[in-house]
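Thanks, everyone. I will take a few minutes on the fold of one protein, starting from the sheet and working inward.

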Amino acid sequence: MPTKTLQIPTPDGQADAFAAFPDRGGQYPGVLLYMDAIGVRPVLEEMARELAGHGYYVLVPNLFYRHGPAPVTELPEHIGAEDRPALFARLMPLIKAHTTENALRDADAYLRFLAARPEVSAGPVAVIGYCMGAVLAMRTAAAHPGQVAAVAGFHPGSLVTDAPDSPHLLAPELTARVHLGIAENDMTAEAVGELDRALDAAGVDHTCEIYPGTVHGFTMSDTDAFDPSALRRHWNRLLPLLDRALTSS
């Protein structure tokens, strides 16, 4: 699949991004893919190419663009347990600076960009995210119910908190189909139950699934958390979701 490096205008500057899409011409449903906390890197490019091969235009923005182009900080080729303390000491200030307000302003810009691309077909889009990106996917879908038809989040960040803007409280704003693939150490059973109840009460077509034997980060092949069988499960859940929400309609 071809990829293209892009600059997306936002209220705060230019967000660097890349897009992957089929090389046979034509127009394809748009997918906004939010990175995990580690950032845009080759493993996400590989995942975007894989998804594009199924007939989607996949946009992957650098969420930390306010601090520089990706990679914003030096990343080892493989991220082991011994690398994480120093790496996250560098990343945490960037994560904290990416406030909900910034995230929603950026989401507006990313969705406008997708809607204007000649390679993207008219109609709804999907938003998917990993780790912190899963939280942003939920927020984006709730803020743009008329535009986002599918949400998928894998090994998500905090979806149930005590904050007044906790993502699970956004359920009544969602019109998208939702799948959440949760690692065994992502959330307590009580939190998963609270999330499931909130989505049920709002009438959201959803699944909240704990992927057995997994730890946070299970889709990322450049980390020790990677689980090949869980990655396959991720594709087996994600592709039918997108097909129902985007292609079949």
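What follows is a walk through the sheet, its central contacts and the helices on it. Keep in mind that this is a predicted model.

Start with the sheet. It is open and has eight strands, in the order S1-S2-S4-S3-S5-S6-S7-S8, and the pairing is mixed. At the edges are S1, residues 3-10, and S8, residues 206-210, each pairing on one side only. On average, neighbouring strands of this sheet are turned by 20° against each other, direction ignored.

Now strand S3, residues 30-34. How many of the five residues of S3 are buried? Five of the five, so S3 is largely enclosed by the rest of the structure. Both faces are covered: Gly30, Leu32 and Tyr34 are buried on one side, Val31 and Leu33 on the other.

S3 runs parallel to S4, with three bridges between them, and parallel to S5, with four bridges. Val31 takes part in both pairings: its bridge partner in S4 is Val58, and in S5 it stands opposite Ala126.

Between S3 and S4, the connection to look at involves helix H1. S3, H1 and S4 form a β-α-β unit, and it is right-handed. H1, residues 42-52, lies across S1, S2, S3, S4 and S5, and runs at about 55° to S2.

Further along, S6 and S7 run parallel and are joined by five bridges. In that pair, Gly153 has Leu180 of S7 as its bridge partner. Helix H4, residues 132-143, packs on the sheet and touches S3, S5, S6 and S7. The direction of H4 makes about 150° with that of S5.

Conventions: Residues are numbered from 1 along each chain as its sequence is written. This is a predicted model: local features need pLDDT of at least 70, side-chain atom pairs count only at pLDDT 80 or more; totals for chains, interfaces and linings use all residues. Side-chain values use heavy atoms; hydrogens and water are left out. Two strands pair if DSSP finds at least two bridges between them. Helices (H or I, at least four residues) and strands (E, at least two) are DSSP runs, numbered from the N terminus. Axes are lines fitted to C-alpha atoms, for helices over the stretch in contact, and angles run from 0 to 180 degrees between N-to-C directions. Contact means heavy atoms within 4.5 Å. Buried means under 20% relative accessible area, exposed over 50%, partly exposed in between (1.4 Å probe, protein chains only). A crossover is right-handed if, with the strands pointing away from the viewer, the path from the first strand over the helix to the second runs clockwise.
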